[in-house]
Amino acid sequence: MRTSNLDNIRNLGILAHVDAGKTTVTERILHRTGVIHRTGEVHDGTTVTDFDPQERDRGITIFAAAVSCAWAGHRLTLIDTPGHVDFTDEVERSLRVLDGAIAVFDAVAGVEPQSETVWRQADRHGVPRIAFVNKLDRAGADLDAAVESIRRRLHPAPLVVQLPIGREDGFTGVVDLLRPHAVPDELREEVRRRRRRLEEAVAELHPVALDEFCATGTVSAETLEKALRDLTRTGDGLVVLCGSAYRDRGIEPLLDAVVAYLPSPADVTPVRDDRPADPAAPLAALVFKVVATATGRLTSVRVYSGTLRKGEQVLDAGTGRTERIARILRVQADRHAEVEAAVAGDIVALAGPKAARVGATLCVPGDPVLLEPPVAADPVVSVAVEARRSADTERLASALARLAEEDPSLVVRTDPETGQTLLSGLGELHLEVAVEKLRLTRGLEVAVGRPEVAYRETVVRGVSGLVHRHVKQDGGAGQFAHVVLDVEPLDEGFEFASAIVGGRVPREYVRAVEAGCRDALAEGPLGGHPVTGVRVTLVDGATHVKDSSEPAFRAAGRFGLREALRASEMRLLEPVASVVVTVPDDVVGGVLGDLAARRGRVAGSAVRAGTAVVTATVPLAELFGYANRLRSRTQGRGTFTARPSGYAPAP
């Protein structure tokens, strides 16, 4: 059921590489829509969405922040997401609940490493996007070059709908190619040429535009707008706008494009067939963020169907626990406006739920439903943490549990050999921020060990026909399971297959063997690291009429694969990262030498306008402390980005 209220809602994210200008874009949007009357600046630590003390100190977005505003009769909920690779999981959780996104690109750098990462994340979630090429006032800014990098690396059909007025320092605004007004004389011919190019590109992609183009030799602004809306929502075309958020140029046309091209909750596929985007349907809401504030716990949810009312009881479908909704808040970063109810399409924060975790489904107790939760990334770096004062040990354990509850990509565990508490996350900065949060919000002084990376083990040469008999008799019913396994290398991951014929092992026991094999992958024979890159085939087996059971065959799978891995040739793998280093070209030699000393493999380098850009693959363990080393080598003029790119053999 479509309603005018749903049609007038836009839930969107701001996605980009770090320093492309996401937060400044968000700040200017809030100013233009009247939410704030004075704009803040990232470098001053005064923006609305970067309200956390660490964000203001570091000058980067760390935590996804939601804000609401209104434009042209539409309610917009924006989520300003982090651009640093260590906080990719924040982006993942946000994309799970969004209907559209603005992808922001630097007009000088074009597509950058994290631009690609968040773009692929949005692809996985099927989130329609428009693009905003920012910082056209910078020296070296080039809209056409930025668009070409989008075409090469992200999307085959970028559709540019604006033309900049002026270049670099002389940039003063943009011309709308759909409805050009007040075009400077010197740009008239260029506007005509680019409008023609846009019409041809759209006609190639959209049948209605093609019919009009063939019949009249042109495409009207109305047809172009409708076609661009369709192409955005199907993902077949990418509308590209441009401007300078810092100079407040191009922001109003960007808002117009959000309303015109990005989908409303009524336009997207329902989260489930039995949960349409309808306030009158049964309730289904997904928890995507949990935050502990000074005034209590706030649970952020996206309402997919139904209506959520203040004071009512809802069911956490995963745990079976009921939760009371004490207050419903429309979020403005760290400020909130209370409302009586939230309906399908709304993104709000709830006060009251005490145990709902990220990924929980909230629904009507009498009509339960379970929605697919966001998937947390596997941690790749760990540090040992302990309270500096023994009296704080219990407080630290409680605080770590709360951290992991708020951020599922943080994992807390105890090392079985040393008894140390280990905090694991997605990168060195991720863990630094987590530890600093313990100090700032809990008043805890914490000693932190040297970071350790998460190794993996893999099979180089397997074994065939390994026989394992699991027999256990201790009074009463016994356990019996006989399995024969083949183990062989696989490029990545884990595969299990059965070659059983004649029903020698019943199907339910085959599934139990697979489950046991997955259990065995948790610890490999080299150092107890998780095992990846292995294919296991159950080739034969036998049962006992009384003593065989699923637990027996699960145990046989677990112990049989452990034995097979000990008999196989194994290799240790270490995590590696794709690194892009940007430095003045007069120091590039020293930087290349330093990368080589860190076991880095340089993939290429390029020099543009006195700046060298080096790309390399470097073991993650060798990147600890690299930021300080690079600053020292380049007198503070060098920068780098790194993103996990898988695993490689360790020396």
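# A walk from Arg-599 to the pockets

Arg-599 is partly exposed, with a relative accessible area of 33%. This is a predicted model, and Arg-599 makes a handy place to enter it. The residue sits in the loop between H15 and E32, and its phi is near 65°, a positive value in a residue other than glycine. That's worth a second look, because most residues other than glycine have a negative phi.

Step back to Arg-598, found in the loop between helix H15 (588-597) and strand E32 (601-608). Arg-598 has 12% relative accessibility, so it counts as buried, the cut-off being under 20%. What does Arg-598 touch, leaving out residues up to four places away in sequence? The partners are Val-618, Pro-619, Glu-622, Leu-623, Phe-624, Tyr-626 and Arg-629.

One of those partners, Val-618, takes us into the strands. Val-618 belongs to E33 and stands opposite Ala-577. Strand E33 (residues 611-619) runs antiparallel to E31, and 9 bridges join the two. On E32, E33 has another antiparallel partner, this time with 7 bridges; here Ser-605 has Val-614 of E33 as its bridge partner. E32 and E33 form a hairpin with 2 residues between them. In that turn, Ala-609 has a positive phi of about 55°.

Ala-72 gives another case of a positive phi in a residue other than glycine, with a value near 55°. It's found in the loop between strand E2 (65-71) and strand E3 (74-80). Is Ala-72 buried or exposed? Ala-72 is exposed, because its relative accessible area is 57% and the exposed class begins over 50%.

Now for strand E31 again, since it also has a part in a pocket. The second largest pocket has a volume of about 1,800 Å³. Its lining takes in 50 residues, and the closest to the centre are Pro-379, Val-380, Ala-454, Arg-456 and Tyr-647. Which elements give two or more residues to this lining? They are helix H4 (88-95), helix H5 (113-125), E20, strand E21 (411-414), strand E22 (421-425), strand E24 (452-453), strand E31 (569-584) and strand E34 (639-649). Sorted by class, the lining of the second largest pocket holds 22 nonpolar, 14 polar and 14 charged residues.

Val-380, one of the residues closest to the centre of that pocket, rewards a closer look. It lies in the loop between strand E19 (361-363) and strand E20 (381-387). Even so placed, Val-380 counts as buried, because its relative accessibility is 12%. Setting aside neighbours within four places in sequence, Val-380 is in contact with Gly-425, Leu-426, Gly-427, Glu-452, Val-453, Ala-454, Leu-620 and Tyr-647. Ala-454 and Tyr-647, then, are contacts of Val-380 and also appear among the residues closest to the pocket centre. As for Tyr-455, it is 75 residues from Val-380 along the chain, yet their C-alpha atoms are separated by 8.1 Å.

Helix H5, which helps line the second largest pocket, turns up in an enclosed space too. How many cavities of 30 Å³ or more does the model have? The count comes to 1, and about 40 Å³ of space lies in the largest cavity. Strand E1 (9-16), strand E4 (100-106) and H5 each supply at least two residues of its lining. The residues that line the largest cavity are Leu-15, Ala-16, Ala-103, Val-104, Phe-105, Ser-115, Val-118 and Trp-119. By class, that comes to 7 nonpolar, 1 polar and no charged residues.

Strand E18 (residues 347-351) offers a picture of burial on both sides. 5 of its 5 residues are buried. In a regular strand the side chains alternate between the two faces of the sheet. In E18, Ile-347, Ala-349 and Ala-351 point one way while Val-348 and Leu-350 point the other way, and all are buried. E18 runs antiparallel to strand E11 (residues 296-305), and 5 bridges join them. Across that pairing, Leu-350 in E18 has Thr-299 opposite.

A last stop is at two cysteines. Cys-69 is buried because its relative accessible area is 5%, and Cys-363 counts as buried because its relative accessibility is 0%. How many disulfides are there in the model? The count comes to 0.

Key
Residues are numbered from 1 along each chain as its sequence is written. This is a predicted model: local features need pLDDT of at least 70, side-chain atom pairs count only at pLDDT 80 or more; totals for chains, interfaces and linings use all residues. Side-chain values use heavy atoms; hydrogens and water are left out. Helices (H or I, at least four residues) and strands (E, at least two) are DSSP runs, numbered from the N terminus. Buried means under 20% relative accessible area, exposed over 50%, partly exposed in between (1.4 Å probe, protein chains only). Contact means heavy atoms within 4.5 Å. Two strands pair if DSSP finds at least two bridges between them. A disulfide is a pair of cysteine sulfur atoms within 2.5 Å. On a 1 Å grid over the protein atoms alone, a cavity is a set of points where a 1.4 Å probe fits but cannot get out, and a pocket is an open set with protein on both sides within 12 Å along at least five of seven lines; lining residues have an atom within 4 Å of a point. Grid points are joined across faces, edges and corners, and a volume is the space filled by probe spheres set on the points. Ala, Val, Leu, Ile, Met, Phe, Trp, Tyr, Cys and Pro count as nonpolar, Asp, Glu, Lys and Arg as charged, and the others, Gly among them, as polar.
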